[in-house]
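Work through the exercises below with the structure open. Each task is followed by a stepwise solution.

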Amino acid sequence: MKGTEPSIFDLSPAEKLQLVEDLWDDLAGTPEAVPVHDWQKQELARRKANLLKDPASGLPWEDVKQKAHARHGR
């Protein structure tokens, strides 16, 4: 019978999240293989230059995490 092949769209939300996590972990194993666009490199360079020019403009990672948790109730 045609059209009865399993699809990722038939997975439960928990299964989909697990699939995304597995894919992310796989990509993280070879970060050099993940393409980075020129516009992304330019944006990172711009942000780095801004931070070097004005170190007080940045936030410590712990502060960023705390704000994100507060904003999203976690």
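## Exercise 1: After the last listed helix

Just after α3, Gly 73 takes a positive phi of about 65 degrees. This is a predicted model.

**Task.** State how many residues of α3 are buried, and say what follows for the helix.

**Solution.**
1. Buried means under 20% relative accessible area.
2. Helix α3 has 11 residues, and the number buried is 0.
3. Therefore α3 lies largely in the open.
4. Helix α3 spans residues 61-71.

## Exercise 2: Confidence

**Task.** Find where in the protein chain confidence is lowest and where it is highest, by helix.

**Solution.**
1. Start with the whole chain: the average pLDDT is 92.
2. Of the residues, 95% score at least 70.
3. Confidence is lowest in α3, with a mean of 92.
4. Confidence is highest in α2 (residues 38-53), at 97.

## Exercise 3: Salt bridges in α2

**Task.** Identify which residues are linked with Glu 43 in a network of salt bridges.

**Solution.**
1. Side chains of opposite charge can pair when their charged atoms come close.
2. The cut-off for a salt bridge is a side-chain nitrogen of Lys or Arg within 4 Å of a carboxyl oxygen of Asp or Glu.
3. Test Arg 46: its closest N and O atoms with Glu 43 are 2.5 Å apart, and the two form a salt bridge.
4. Test Arg 47: its side chain meets that of Glu 43 in a salt bridge at 2.8 Å, N to O.
5. Check the spacing. Glu 43 and Arg 46 both lie in α2, 3 residues apart, about one turn of the helix.
6. Glu 43 and Arg 47 are separated by about one helical turn, because they are 4 residues apart in α2.
7. Conclude: Glu 43, Arg 46 and Arg 47 are linked in a network.
8. Now add exposure. Glu 43 is partly exposed, at 25% relative accessibility.
9. Arg 46 is also partly exposed, at 42%.
10. Arg 47 counts as exposed, at 52%.

## Exercise 4: A salt bridge in α3

**Task.** Describe the salt bridge between Glu 62 and Lys 65, and classify both residues by accessibility.

**Solution.**
1. The whole structure holds 3 salt bridges.
2. One of them joins the side chains of Glu 62 and Lys 65, at 3.2 Å, N to O.
3. Both residues sit in α3, 3 residues apart, so about one helical turn separates them.
4. Exposed means over 50% relative accessible area.
5. Glu 62 has 51%, so Glu 62 is exposed.
6. Lys 65 has 30% and is partly exposed.

## Exercise 5: Two surface patches

**Task.** Name the residues of the nonpolar patch and of the negative patch, then place one member of each.

**Solution.**
1. The nonpolar surface patch consists of Ile 8, Phe 9, Leu 19 and Leu 23.
2. Together these residues have about 420 Å² of accessible area.
3. Place Leu 19: this residue is in α1 (residues 13-28).
4. Leu 19 is partly exposed, at 31% relative accessibility.
5. Patch residues need over 30% relative accessible area, and Leu 19 has 31%.
6. The negative surface patch is made of Glu 21, Asp 22, Asp 25 and Asp 26.
7. Place Asp 26: this residue is also in α1.
8. Asp 26 counts as exposed, at 55% relative accessibility.

Key. Residues are numbered from 1 along each chain as its sequence is written. This is a predicted model: local features need pLDDT of at least 70, side-chain atom pairs count only at pLDDT 80 or more; totals for chains, interfaces and linings use all residues. Side-chain values use heavy atoms; hydrogens and water are left out. Patches are made of residues with over 30% relative accessible area and no salt bridge: like charges are joined within 9 Å, nonpolar side chains (Val, Leu, Ile, Met, Phe, Trp, Tyr) within 5 Å. Accessible areas come from the Shrake-Rupley method with a 1.4 Å probe; for residues, only the protein chains shown count as cover. Helices (H or I, at least four residues) and strands (E, at least two) are DSSP runs, numbered from the N terminus. Buried means under 20% relative accessible area, exposed over 50%, partly exposed in between (1.4 Å probe, protein chains only). pLDDT is the predictor's confidence in each residue, from 0 to 100. Lys and Arg count as positive and Asp and Glu as negative; His and the chain ends are not counted. The place of a charge is taken as NZ of Lys, CZ of Arg, CG of Asp or CD of Glu.
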